[in-house]
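Biologist: I have a chain and its ligand to look over. Can you walk me through the model?

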Amino acid sequence: MTDPTADTADNADSADTADNADTADTVAAWRRLAGTCVLLDGFHALKHAVRFGAEVPVAVTTDRRAALALAGELAPDVRKTLAGLLTEVPEQAYRSVVPRPHPTAVAALAVRPSRVAGLATLAHVPRTAPVVVLDHPRNLGNAGAVIRLAAGFGATGVVTIGPLDPWHPTVVRGGAGLHFATAVERLTADELPAGPLFALDPEGDDIRGVKLPDDAVLAFGSERSGLSAELRARTDHLLSLPMRPQVSSYNLATSVAMTLYHWSATGYGSRP
Ligand SMILES: C[S@@+](CC[C@H](N)C(=O)[O-])C[C@H]1O[C@@H](n2cnc3c(N)ncnc32)[C@H](O)[C@@H]1O
């Protein structure tokens, strides 16, 4: 069946294959931008980033026809945009810029949104959806999973406190390109956005008795040591997730998922 979103240029796959000069230009552009841009590793990361308005100055694939077929199947809304972005390069050139190629053989660089814009989004009031705070998270995969959750639930943003960089390539990989769908910044505890601070801890009051407001700041402790004393001191409400005795705690990202689900189900504001 003919794909109605296909344009004549991306049907001519062989004509779109970069020649040696194009490949050299693409690789040079990649090297120039790699230090300041965010790596989108794989088709799904690129798809999400494009959907949520990321600026993508360079995108490569070793198989443009396969990448666009995947787009036609899974993301027809962005197929035309991807057709305009993706340059096919030989495997060797691809590997020279992305040492561990993704199974979809697609990679791109995106411009990181400005911190000023991220801080403005986090500070904007009235807030229509919570901000998630990770207090000294350690695991990069957990942080990525939390950003993906926040994007899915339409949270205002994710703030990390502590040394973990929420824009680290491994976090971006775990976030599946959804850093572009929510504000993501590292702040100190002093700089947290305004709003009632609900901190999650197994010792808190049962979350099922509480409605979480849309301007809630939802804080979660580190995988190893839980909430810091600094964050506890600022907390307005300490809440627990239901858990049978003898189980010590849930995984960090799982805890964020349950809490955002609880917010979404308890009747405030607009929901995804
Ligand atoms: C892996 S847990 C931290 C375990 C850590 N050993 C501790 O002492 O708390 C990571 C975070 O997930 C949240 N969490 C995990 N289980 C929870 C529960 N049953 N109720 C509320 N929050 C929970 C808390 O915010 C916790 O700090």
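Modeller: Start with contacts, meaning C-beta atoms, placed from the backbone, within 7 Å. Among those between residues at least 6 apart in sequence, 82% join residues at least 24 apart. This is a predicted model: local features need pLDDT of at least 70, side-chain atom pairs count only at pLDDT 80 or more, and totals for chains, interfaces and linings use all residues. Residues are numbered from 1 along each chain as its sequence is written.

Biologist: What percentage of the 272 residues is buried?

Modeller: Buried means 20 or more other C-beta atoms within 10 Å of the residue's own; exposed means 12 or fewer, and partly exposed lies in between. By that count, the buried share of the chain is 41%.

Biologist: Where does the largest nonpolar core lie relative to domain 1 and domain 2?

Modeller: A nonpolar core joins buried Ala, Val, Leu, Ile, Met, Phe, Trp, Tyr and Cys through C-beta atoms within 7 Å. The largest one has 74 residues, with Val132 among those with the most contacts inside it. Domain bounds come from an automatic or database assignment. Domain 1 (8-111) and domain 2 (115-265) both give residues to this core, so it lies between them.

Biologist: Which element gives the largest share of the shell around the ligand?

Modeller: The shell has 17 residues, Leu200 and Ser255 being among the closest; each has its C-beta atom, placed from the backbone, within 6 Å. Elements are DSSP runs numbered from the N terminus: helices (H or I, at least four residues) and strands (E, at least two). Strand 8 (197-206) and helix 12 (252-265) each give two or more residues. The largest share, three residues, comes from strand 8.

How values were computed
Two residues are in contact if their C-beta atoms, placed from the backbone, lie within 7 Å.
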